[in-house]
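Here are a few friendly notes to read alongside the structure. Keep the view open and take the points one at a time.

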Amino acid sequence: MKTVKHILHNKPAVVHAASPDASVLDALKIMMEKNISALLITEDEQLKGIFTERDYARKIILQGKSSKDTAISEVMTKNPHTITPDEAIDQCMQLMTNNHFRHLPVLDGGTVVGIISIGDLVKSIIEDQQQTISQLQSYITS
């Protein structure tokens with residue numbers, strides 16, 4: 001079974017982050033520039049939280065708060081679930097499905113080494129299924 005390490009190997013090694021005292025507007029600008037829907041919040045290289053488009057919709061827009069005047073620390077998801085690079089892909093899928101979130105920070109010895117999305121997991125599962133189908137077709141026709 002593939003692990004998170006396999007997914008991270010095929011993704012850019014850059015991890016985008018902001019500090020807890022950054023404004024929500026600053027975080028949104030980073031997310032727009034990098035075309036990402038989740039941003040890790042770090043301080044002194046330690047993961048403090050995660051901020052997602054869902055957090056923005058629910059904790060800023062629907063609460064009538066100002067993106068410019070609100071610190072990301074006020075609305076981020078604190079102490080998010082994390083995984084290690086050795087975690088099995090199916091276990092990550094189960095964790096995300098059971099807890100209704102779409103992004104998982106990846107930590108190796110307490111250091112942030114990446115982030116995976118539900119889309120990354122689905123892509124990996126589809127690739128595995130396509131490979132299995134191809135192998136079965138080769139077996140049947142040979």
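The points below start with the sheet, move to the helices and end with one residue.

1. Please keep in mind that this is a predicted model. A good place to begin is an open sheet of four strands, in the order β1-β2-β3-β4 and with mixed pairing. The edges are taken by β1 (17-18) and β4 (77-78); each has a single partner strand, so one side of each is left without a neighbour in the sheet.

2. Now look at β2 and β3. Strand β2, residues 38-43, pairs with strand β3, residues 46-52, in the antiparallel sense over six bridges. To find your place there, look for Thr42, which stands opposite Leu47 in β3.

3. Two helices lie across strands of this sheet. Helix α2 (residues 24-34) lies across β1, β2 and β3, and its direction is at about 80 degrees to β3. Helix α3 (residues 53-61) lies across β3 and β4, at about 70 degrees to β3.

4. Helix α6 covers residues 118-141, which makes 24 residues. From first C-alpha to last it reaches 35 Å, close to the 34 Å expected at 1.5 Å a residue. Asp120, Leu121 and Ser124 are buried in α6. What covers the buried residues of this helix includes α1 (4-9), α5 (89-99) and β6 (111-117).

5. Finally, visit Glu74 in helix α4 (residues 72-75). Is Glu74 buried or exposed? Glu74 counts as exposed because its relative accessibility is 51%, and the cut-off for exposed is over 50%. Its C-alpha atom is separated by 9.1 Å from that of Val24, although Glu74 and Val24 are 50 residues apart along the chain.

How values were computed: Residues numbered from 1 in each chain as written. Predicted model: local features only at pLDDT ≥ 70, side-chain atom pairs only at ≥ 80, totals over all residues. Heavy atoms only, no water. Buried < 20%, exposed > 50% of the residue type's maximum accessible area, 1.4 Å probe, protein only. Expected span 1.5 Å × (residues − 1). Contact = heavy atoms within 4.5 Å. Pairing = 2+ DSSP bridges. Axes fitted to C-alpha atoms, helices over the stretch in contact; angles between N-to-C directions.
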